Amino acid sequence: MATLTAAVYRDGAVYVARCLDVEVTSEGSTVPEALTNLQEALELYFDDEIPADTTVVAVNTLQVGGRG
């Protein structure tokens, strides 16, 4: 079980729920519906997660800044 953070915002007629920890987004006509849809999308996302017996070859952090 994982605890993840979601941000919800309104985009026209729908609410968009975006997970801040992984790149998964969903939407719904209400905030609760958007969050439920996001939870389902996250469950599918983690079902397709990298298998446990896979060797990770690189983990990096990146710094991105504006020019100036």
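How many aromatic pairs does the structure hold? There is one aromatic pair, and we will come back to its rings once the overall fold is in view. Please keep in mind as you read that this is a predicted model.

Let's start with the layout. The protein contains one helix and three strands, and along the sequence these elements follow the pattern β-β-β-α. Of the 68 residues in the protein, 15% are buried. Among contacts between residues at least 6 apart in sequence, 10% join residues at least 24 apart.

Now for the sheet. The three strands form an open sheet in the order 1-2-3, with antiparallel pairing. Strand 1 (6-11) and strand 3 (25-28) stand at the edges and have a single partner strand each, so one side of each is left without a neighbour in the sheet. From one strand to the next, the twist averages 25°.

The two pairings can be followed bridge by bridge. Strand 1 and strand 2 run antiparallel and are joined by six bridges; in this pairing, A7 stands opposite R18 in strand 2. These two strands form a hairpin with two residues between them. In the turn of that hairpin, G12 has a positive phi of about 70°. On the other side of the sheet order, strand 2 (residues 14-19) is joined to strand 3 by four bridges, again in an antiparallel arrangement. Here A17 stands opposite S26 in strand 3.

Next comes the helix. Helix 1 (residues 31-47) lies across strand 1, strand 2 and strand 3, and it runs at about 145° to strand 3.

Two residues of strand 3 make a helpful comparison. S26 belongs to strand 3, and so does E27. Why does S26 count as buried? Its relative accessibility is 17%, and the cut-off for buried is under 20%. E27, by contrast, counts as partly exposed because its relative accessibility is 47%, a value that falls between the 20% and 50% limits. As background, side chains in a regular strand alternate between the two faces of the sheet.

The contacts of these two residues fill in the picture. Leaving aside residues up to four places away in sequence, S26 touches Y15, V16, A17, A34, N37 and L38. With that same exclusion, E27 touches V14, Y15, V16, A34 and N37. One of those partners, V16, is 11 residues from E27 in sequence, yet the C-alpha atoms of E27 and V16 are 4.3 Å apart in space.

Back to the aromatic pair promised at the start. The rings of Y45 and F46 have their centres 5.1 Å apart and their planes at 80°, so the pair is edge-to-face; the cut-off for that label is over 60 degrees. Are these residues buried, partly exposed or exposed? Y45 is partly exposed, with a relative accessible area of 40%, and F46 is partly exposed too, with a relative accessible area of 29%.

Finally, have a look at the largest pocket. About 290 Å³ of space lies inside the largest pocket. Its lining is made up of 12 residues, and A2, L4, Q39, L42 and E43 lie nearest its centre. Which element gives the most to this lining? Helix 1 does, contributing six residues.

Note on methods:
Residues are numbered from 1 along each chain as its sequence is written. Side-chain values use heavy atoms; hydrogens and water are left out. Two strands pair if DSSP finds at least two bridges between them. Axes are lines fitted to C-alpha atoms, for helices over the stretch in contact, and angles run from 0 to 180 degrees between N-to-C directions. Contact means heavy atoms within 4.5 Å. Buried means under 20% relative accessible area, exposed over 50%, partly exposed in between (1.4 Å probe, protein chains only). Rings of Phe, Tyr and Trp (its six-membered ring) pair if their centres lie within 6.5 Å; planes under 30 degrees apart count as stacked, over 60 as edge-to-face and the rest as tilted. On a 1 Å grid over the protein atoms alone, a cavity is a set of points where a 1.4 Å probe fits but cannot get out, and a pocket is an open set with protein on both sides within 12 Å along at least five of seven lines; lining residues have an atom within 4 Å of a point. Grid points are joined across faces, edges and corners, and a volume is the space filled by probe spheres set on the points.
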